[in-house]
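Biologist: I have this one open on my screen and would like to go through it with you. Could we begin with the helix packing and then move on to other topics?

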Amino acid sequence: MKYSTDDIDFSKISPNEFERLCFELLLKYGFSQIIWRQGGADNGRDIEGYFDFNNPIASQRTKWFFECKHYTSGGVPPEHLNSKMAWADAEQPSYLVILVSSYITTASRTWLESIKLTKQYKIIVIEGEELKGRLVQFPDLIERFFAADRFERLFLEIKNHWLRHRIEPSYELIKEISNNIDTSKLDLDDIGFLLMSFHKNYRHFELRNDYYGDFTEEVLEPLYPRLAELASKENLDSFEEYRTDFDSLGGTGCFDDAESDENSELAFQFYDLHLNHKKSQDLWKIGYYLFIKTNDNKAFELFSVDDSDFKTSAKYYKEFSSDTLKELAIDISIEFGKKILEYSPRLLK
């Protein structure tokens, strides 16, 4: 398809999507070793990369910093650029590029002109209209970020990346999809993939303690009504095959906290399971188990098998109570159930 700049509306995408769009554009331009510093700890630049200039006589590697400013109205004032100069002064890239979805104010333009001659690196500003002109050269980016069904396409892309290459989707991508996709188009396997991917991210960030954004289970809430429609009210069907033949490889959540006699503010439990662990190695599989209690006092169990289509089954509990813990597919003793409720305040709310 052919697109024009009229097809690009930056107000339709979030600040995180705008950064990702800039990142994808830089890949198209041939920058290498690109690092997208997500989550707030960006040391003054959102994206960092290198570009190699080559000719038959010599070659040169240049270091580039990119600052992405997503403004849906108004211009970028100088005070929102000043800290970026401080970091560039300290680390001395070859170029500092400011990518803006709108424009920079007259005060910013005057200030930048006054300091350019004092810097050893070059400062380049690409404002909204120029950026649109660059983007229309790549129709696949317009389709991905601005087409009406872009979130469905994005979801299929990240799911295929996992199934084919085992590339985990980031928390930011899961959040964008959960909050914008038409959930009626998702089946149970799709929702299972999103929920399991989210909770795998949760564990990684908790262990590394390096996330500076708003990491919250609430980003999943748009998925729950659709999950309630699709889930069984009777059994966690696909788990029955492995009920007596699995071993827990690890987990995180309110059950784990209670086992360690720790108070928990979590209302979920996520487990990695080694399936068929008593059988021969060619039958071994990895499974994921997830228990969730929602803010409106519903509960779900999910079980997914890590295979070619990430099959998922789910059970829905219309109202959570202490009896819910007794009914879970993962066997929980009465004593341990009491301990979970004692150490998990969110389960009691």
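Biologist: How are H6 and H7 oriented to each other?

Modeller: Bear in mind that this is a predicted model. The axes of H6, residues 150–165, and H7, residues 171–180, come within 10 Å and cross at roughly 140°. Angles over 145 degrees would count as roughly antiparallel, and H6 and H7 are therefore oblique to each other.

Biologist: And what is the handedness of the crossing where H6 passes H7?

Modeller: The crossing of H6 with H7 is left-handed.

Biologist: Which residues meet there, in H6 and in H7?

Modeller: From H6 there are Phe-151, Leu-154, Phe-155 and Ile-158, and in H7 they meet Leu-173, Glu-176, Ile-177 and Asn-180. Sorted by class, this contact of H6 with H7 has six nonpolar residues, one polar residue and one charged residue.

Biologist: Why might residues three or four places apart point the same way?

Modeller: An α-helix has 3.6 residues a turn, so residues at a spacing of three or four places point the same way.

Biologist: What about the loop between H6 and H7, where Arg-166 lies? What is its phi?

Modeller: Arg-166 has a positive phi of about 60°, although this residue is not a glycine. Most residues other than glycine have a negative phi. As for its surroundings, Arg-166 is partly exposed, at 37% relative accessibility.

Biologist: And Gln-92, what is phi there?

Modeller: For Gln-92 phi is near 50°, again a positive value in a residue other than glycine. Gln-92 is found in the loop between helix H2 (82–91) and strand S4 (95–100), and with a relative accessible area of 35% Gln-92 is partly exposed.

Biologist: Switching to charges: how many salt bridges are there?

Modeller: The count comes to 26 salt bridges. One of them pairs Lys-28 with Asp-140, with the closest N and O atoms 2.6 Å apart. That pair links distant parts of the chain, since Lys-28 sits in helix H1 (residues 15–28) and Asp-140 in helix H5 (residues 139–146), 112 residues apart.

Biologist: Are Lys-28 and Asp-140 buried or exposed?

Modeller: Neither label fits, as the range between 20% and 50% relative accessible area counts as partly exposed. Lys-28 is partly exposed at 37%, and Asp-140 is partly exposed at 36%.

Biologist: What is the distance between the closest N and O atoms of Glu-152 and Lys-185?

Modeller: In the salt bridge of Glu-152 with Lys-185 those atoms are 3.8 Å apart. Glu-152 belongs to helix H6, whereas Lys-185 lies in the loop between H7 and helix H8 (188–208), and the two are 33 residues apart. Glu-152 is buried, at a relative accessible area of 16%, while Lys-185 is exposed, at 52%.

Biologist: How about Glu-240 and Arg-243, how far apart are the closest N and O atoms there?

Modeller: Glu-240 and Arg-243 form a salt bridge in which the closest N and O atoms are 2.9 Å apart. Glu-240 is partly exposed at 40% relative accessibility, and Arg-243 is partly exposed at 28%.

Biologist: Which residues are linked in a network of salt bridges?

Modeller: A network of salt bridges links Glu-24, Arg-144 and Glu-157. Arg-144 also appears among the buried residues of H5, together with Leu-141, Ile-142, Phe-145 and Phe-146.

Biologist: What do the buried residues of H5 pack against?

Modeller: They pack against H1, helix H4 (128–135) and H6.

Biologist: I also clicked on Thr-324 in helix H11; is this residue buried or exposed?

Modeller: Thr-324, which has its place in helix H11 (residues 322–327), counts as buried at 3% relative accessibility. Leaving aside neighbours within four places in sequence, Thr-324 is in contact with Ala-299, Tyr-317 and Glu-319.

Biologist: Last topic, the whole chain: how many helices and strands does the secondary structure come to?

Modeller: The protein chain has 13 helices and 10 strands, and its C-alpha atoms fill a box of roughly 75 × 40 × 40 Å along the principal axes. Buried residues make up 51% of the 349 residues. Of the contacts in the chain with a separation of 6 or more, 63% are between residues 24 or more positions apart.

Technical notes. Residues are numbered from 1 along each chain as its sequence is written. This is a predicted model: local features need pLDDT of at least 70, side-chain atom pairs count only at pLDDT 80 or more; totals for chains, interfaces and linings use all residues. Side-chain values use heavy atoms; hydrogens and water are left out. Axes are lines fitted to C-alpha atoms, for helices over the stretch in contact, and angles run from 0 to 180 degrees between N-to-C directions. Helices (H or I, at least four residues) and strands (E, at least two) are DSSP runs, numbered from the N terminus. Angles under 35 degrees count as roughly parallel, over 145 as roughly antiparallel, 65 to 115 as roughly perpendicular and the rest as oblique. A crossing is left-handed if the near helix is turned anticlockwise from the far one by less than a right angle, and right-handed if clockwise. Contact means heavy atoms within 4.5 Å. Ala, Val, Leu, Ile, Met, Phe, Trp, Tyr, Cys and Pro count as nonpolar, Asp, Glu, Lys and Arg as charged, and the others, Gly among them, as polar. A salt bridge is a side-chain nitrogen of Lys or Arg within 4 Å of a carboxyl oxygen of Asp or Glu. Buried means under 20% relative accessible area, exposed over 50%, partly exposed in between (1.4 Å probe, protein chains only).
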